[in-house]
Amino acid sequence: MTISEGHLQKWERLADGATEGPWYAYETRDYSEIYKDKAVPQLSTPLALVGSQHKDAEFIAMSREAVPELIKTVRELEGVIKQMCGFCCGYLEMRCDKCPL
């Protein structure tokens with residue numbers, strides 16, 4: 001699967017617009033809640049209520065920090081690939097079918 005620049009920009013925009021993290025998931029009897037504040041969540045308003053699967057809430061909370069890091073890593077790796085392709089295409093005069101240049 002290839003991640004398009006459009007997808008990266010959309011995910012970045014969504015992450016930048018969301019409440020700052022980290023977020024924390026707390027399980028209640030009926031559903032899970034996501035909070036910004038780790039200490040005493042009952043004293044603050046939850047950011048989100050999630051269905052009965054606590055693992056879904058944990059994933060959403062973890063994603064607040066993980067998605068920006070993954071986007072950053074993808075961009076760094078794209079830079080490495082372009083450097084390597086530049087070396088292969090320019091210096092070695094080789095070209096592959098996946099070369100972005």
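## A tour of the chain, from core to surface patch

Buried residues account for 19% of the 101 residues in the chain. The model is a predicted one.

Start with the whole chain in a cartoon view. Two helices and three strands make up its secondary structure, and along the sequence they follow the pattern α-β-β-β-α. Among contacts with a separation of 6 or more, 34% join residues 24 or more positions apart.

Next, select Trp23, Ile34, Val50, Ala57 and Ala61 and show their side chains. These five residues form the largest nonpolar core. In soluble globular proteins, nonpolar side chains tend to be buried together.

Stay with Trp23, a member of that core, and bring up its surroundings. Neighbours within four places in sequence aside, Trp23 contacts Ala18, Ile34, Tyr35, Lys36, Leu47, Ile60, Ala61 and Arg64. Of these partners, Ile34 and Ala61 also belong to the largest nonpolar core.

Ile60, one of the contacts of Trp23, leads on to the surface. Select Phe59, Ile60 and Met62: together they make a nonpolar surface patch of about 290 Å².

Now pick Met62 alone, in helix H2, which spans residues 54-91. Is Met62 buried or exposed? Neither: Met62 counts as partly exposed because its relative accessibility is 43%, and the partly exposed class runs between 20% and 50%.

To finish, switch on the surface of the whole chain. The chain exposes about 7,800 Å², and carbon and sulfur atoms supply 58% of that area.

Definitions and conventions: Residues numbered from 1 in each chain as written. Predicted model: local features only at pLDDT ≥ 70, side-chain atom pairs only at ≥ 80, totals over all residues. Heavy atoms only, no water. Patch = residues over 30% accessible without salt bridge, like charges linked within 9 Å, V, L, I, M, F, W, Y side chains within 5 Å. Areas by Shrake-Rupley, 256 points an atom, 1.4 Å probe, with all protein chains shown as cover. Salt bridge = Lys/Arg side-chain N within 4 Å of Asp/Glu carboxyl O. Helix = DSSP H or I, 4+ residues; strand = E, 2+ residues; numbered from the N terminus. Buried < 20%, exposed > 50% of the residue type's maximum accessible area, 1.4 Å probe, protein only. Core = buried A, V, L, I, M, F, W, Y, C linked by side-chain atoms within 4.5 Å. Contact = heavy atoms within 4.5 Å.
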